[in-house]
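Subject: Handing over the structure we spoke about

Dear colleague,

Here is the structure I promised to pass on to you. Please open it beside this message, since the notes below are meant to be read with the model in view.

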Amino acid sequence: MKTYALKQNLKQHYNLYTPEDFLVWKTLFGRQMILLQELACSEYLKSIKTVKFCAERIPDFKEVNEILGKATGWSLEVVEGIINEEDFFVLLSQKKFPATTWLRKLNELDYLPEPDMFHDVFAHVPLLTNQPFCDFFKTIGDLGVKNKHHSEVLTMLGRLYWFTVEFGLMKEKDKLKIYGAGILSSYGETKFSVSSEPTHLSFDVEEIMHTSFENDKIQDKYFVLNSFDELYNSIERIKAIVKGEKTVNL
Ligand SMILES: [Fe+2]
């Protein structure tokens with residue numbers, strides 16, 4: 001997958017959004033929210049109101065950053081696309097989430113070779129108001145920075161990120177709900193992820209950190225949390241596993 005260099009001081013140019021951009025946002029937002037009312041976790045549905053996202057307006061990063069800043073101290077860092085792993089971990093450790101500002105075209109609503117703003121912002125940003133989720137997310141960044149020369153550890157952290165932040169599910173009142181951004185922004189995967197087709201496994205950081213994934217197809221397994229507190233409470237275990245991995249490879 002193509003990666004972009006992290007550049008300083010990139011900005012969102014709100015006045016350059018076209019009528020097509022607004023229509024794309026409105027179409028995707030409306031279509032996805034119909035599905036997500038039933039299928040997203042309650043914290044996502046609550047927090048999308050906290051960040052004031054709506055169909056009629058493409059989010060303005062300045063306003064979003066004010067809300068995130070007050071809620072958890074996180075902010076958005078404008079990027080052109082997927083950045084390299086090292087820069088990604090550095091940003092997370094600084095409570096910055098890399099986000100693109102461009103939107104897909106109307107004729108490619110369901111095919112995207114790389115994540116656009118609908119994925120980065122609609123799907124990722126609301127939960128950046130949730131403290132336990134953010135603490136977990138920052139831990140991945142901190143460990144990534146500390147272990148930048150340990151490729152095995154970086155692989156494990158990548159899996160942790162993949163099976164939670166991107167493709168995590170949660171159980172609420174015995175029903176499967178979505179919190180992973182890769183699912184929240186995917187019309188096709190939303191229903192599939194909670195159907196009986198894929199395998200649903202209990203959240204277990206040790207298992208996750210030893211489970212590989214493929215990033216170019218729909219998932220065949222998802223790990224299911226009970227709450228964001230469970231994510232937060234896994235932090236010490238993650239640190240212990242990372243420490244053990246380094247000891248083994250000394
Ligand atoms: Fe993502």
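Before anything else, please keep in mind that this is a predicted model, and that every value below was computed from it.

I would begin at the metal site. The iron ion is held by three donor residues, H119 and H124, each through NE2, and E166 through OE, at 2.0 to 2.1 Å. Read along the sequence, these donors follow the spacing H-x4-H-x41-E. Because H124 sits in the loop between α5 (117-123) and α6 while E166 belongs to helix α7, this pair ties together parts of the chain that are 42 residues apart in sequence. Both H124 and E166 are buried.

From there it is natural to move on to helix α6, which covers residues 131-146. This helix has 16 residues and reaches 22 Å from its first C-alpha to its last, close to the 22 Å expected at 1.5 Å a residue. Its buried residues are F133, C134, F136, F137, T139, I140, G141, L143 and G144. When you look at how they are spread along the helix, it may help to recall that an α-helix has 3.6 residues a turn, so residues three or four places apart point the same way. The N-terminal end of α6 is capped by N130, which places a side-chain oxygen 2.9 Å from the backbone nitrogen of F133. N130 itself lies in the loop between α5 and α6, and with a relative accessible area of 9% it counts as buried, because that value is under 20%.

The next topic is charge pairs, of which I describe three. A search of the whole structure finds 12 salt bridges, and one of them joins the side chains of E63 and R57, with 3.1 Å from N to O. E63 is partly exposed at 39% relative accessibility, and R57 is partly exposed as well, at 37%.

Another salt bridge is formed by K148 and E86, whose closest N and O atoms are 3.6 Å apart. Since K148 lies in the loop between α6 and α7 (151-166) and E86 in helix α4 (residues 85-93), the pair ties together parts that are 62 residues apart in sequence. K148 has a relative accessible area of 41% and is partly exposed, and E86, at 44%, is likewise partly exposed.

The third pair is R237 with E206, where the closest N and O atoms of the salt bridge are 2.4 Å apart. Here too distant parts of the chain are linked, with R237 in helix α12 (residues 235-248) and E206 in helix α10 (residues 205-209), 31 residues apart. R237 is partly exposed at 39% relative accessibility, and E206 is partly exposed at 33%.

Turning to the strands, β3 (residues 169-172) and β4 (residues 175-178) run antiparallel and are joined by four bridges, with M170 standing opposite K177 in β4. The two strands form a hairpin with two residues between them, and K173 in the turn has a positive phi of about 45°. K173, in the loop between β3 and β4, is exposed, with a relative accessibility of 84%. Although K173 and N226 are 53 residues apart along the chain, their C-alpha atoms are separated by 9.6 Å. Strand β3 also pairs with β6 (residues 221-225), to which it runs parallel and is joined by two bridges, and the partner of L169 in β6 is V224.

Finally, which cysteines deserve a look, given that the count of disulfides comes to zero? C41 is in no disulfide, and the nearest cysteine sulfur, that of C134, is 13 Å away. C41 is buried, with a relative accessible area of 0%, whereas C54 is partly exposed at 31%.

If you have time for a single part of the model, I would suggest starting with the iron ion and its donors H119, H124 and E166, and then following the chain into α6 from its cap at N130.

With best wishes

Terms used. Residues are numbered from 1 along each chain as its sequence is written. This is a predicted model: local features need pLDDT of at least 70, side-chain atom pairs count only at pLDDT 80 or more; totals for chains, interfaces and linings use all residues. Side-chain values use heavy atoms; hydrogens and water are left out. The expected span of a helix is 1.5 Å times one less than its number of residues. Buried means under 20% relative accessible area, exposed over 50%, partly exposed in between (1.4 Å probe, protein chains only). A polar contact is a pair of N or O atoms within 3.5 Å; within protein, one must be able to donate a hydrogen and the other to accept it, and residues adjacent in sequence count only if both atoms are side-chain atoms. A salt bridge is a side-chain nitrogen of Lys or Arg within 4 Å of a carboxyl oxygen of Asp or Glu. Two strands pair if DSSP finds at least two bridges between them. Donors are N, O and S atoms within 2.8 Å of the metal (3.2 Å for Na, K and Ca); water is not among the atoms, so sites may look incomplete. A disulfide is a pair of cysteine sulfur atoms within 2.5 Å.
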